[in-house]
Amino acid sequence: MKAYVVFIREKTVDPDELKIYASKAPAGLEGHPVKPVAMYGHYEVLEGPDAEGAAILEFPSMDEAKAWYYSPAYQEALQHRLKGGIYRGIVVEGK
């Protein structure tokens, strides 16, 4: 069953850290079966608090999504995203 990783950026704290993240994150995707579905494009909040943007990544399974997220390459990039902004991140199974 496919899995989707959803990141919602609630607030930018340090734009320079997010630039570092953006430069490192693509290397974390290498070797993983990932399909970017939406990457911080135009959006509209329908419910809940405002957000600055969202990203959705598709993986073949929950295990593949978690293997990417916990990989050393992505964990290195992640440290900069967490310093750069306040995010919500979830992984959800889909069809």
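Which residues lie nearest the centre of the largest pocket? I will start there, and I should say at once that this is a predicted model. The largest pocket is lined by 16 residues, and those nearest its centre are Tyr21, Ala25, Met39, Tyr40 and Ala55. Strand 1, helix 1, strand 2, which spans 35–39, and strand 3 are the elements that give two or more residues to this lining, and the largest share, 6 residues, comes from helix 1. As for its volume, the computed value for this pocket is about 280 Å³.

Let me turn from the pocket to the core. The largest nonpolar core has 14 residues, of which Val5, Phe7, Phe59, Trp68 and Tyr74 touch the most other members. The elements that contribute two or more residues to this core are strand 1 (3–12), helix 1 (15–29), strand 3 (53–59), helix 2 (62–69) and helix 3 (72–84). If we take Phe59 as one of those core residues, its contacts, leaving aside residues up to four places away in sequence, are Lys2, Ala3, Val5, Pro33, Val34, Glu64, Ala65 and Trp68.

Next, the aromatic residues. The count comes to 7 aromatic pairs, and one of them is formed by Tyr69 and Tyr74, whose rings are tilted, with 5.7 Å from centre to centre and 45 degrees between the planes. The two partners can be set side by side in terms of exposure: Tyr69 is partly exposed, at a relative accessible area of 24%, whereas Tyr74 is buried because its relative accessibility is 1%, and the cut-off for buried is under 20%. Both tyrosines belong to one aromatic cluster, together with Phe7, Tyr21, Phe59, Trp68 and Tyr70.

Two members of that cluster, Phe7 and Tyr21, also bring us to Arg81. The charged end of Arg81 sits over the ring of Phe7, at 4.2 Å from its centre, and Arg81 also lies over the face of Tyr21, where the distance to the ring centre is 5.8 Å.

What does His80 touch, not counting residues up to four places away in sequence? The contacts of His80 are Glu17, Leu18, Ile20, Tyr21 and Lys24. His80 itself lies in helix 3, and this histidine counts as buried because its relative accessible area, 16%, falls under 20%.

To close, I would point you back to Tyr21, which is among the residues nearest the centre of the largest pocket, is part of the aromatic cluster, has Arg81 over its face and is touched by His80.

Conventions
Residues are numbered from 1 along each chain as its sequence is written. This is a predicted model: local features need pLDDT of at least 70, side-chain atom pairs count only at pLDDT 80 or more; totals for chains, interfaces and linings use all residues. Side-chain values use heavy atoms; hydrogens and water are left out. A nonpolar core is a set of buried Ala, Val, Leu, Ile, Met, Phe, Trp, Tyr and Cys residues joined through side-chain atoms within 4.5 Å. Buried means under 20% relative accessible area, exposed over 50%, partly exposed in between (1.4 Å probe, protein chains only). Helices (H or I, at least four residues) and strands (E, at least two) are DSSP runs, numbered from the N terminus. Contact means heavy atoms within 4.5 Å. Rings of Phe, Tyr and Trp (its six-membered ring) pair if their centres lie within 6.5 Å; planes under 30 degrees apart count as stacked, over 60 as edge-to-face and the rest as tilted. A charge sits over a ring if NZ of Lys or CZ of Arg is within 6 Å of the ring centre and within 35 degrees of the ring normal. On a 1 Å grid over the protein atoms alone, a cavity is a set of points where a 1.4 Å probe fits but cannot get out, and a pocket is an open set with protein on both sides within 12 Å along at least five of seven lines; lining residues have an atom within 4 Å of a point. Grid points are joined across faces, edges and corners, and a volume is the space filled by probe spheres set on the points.
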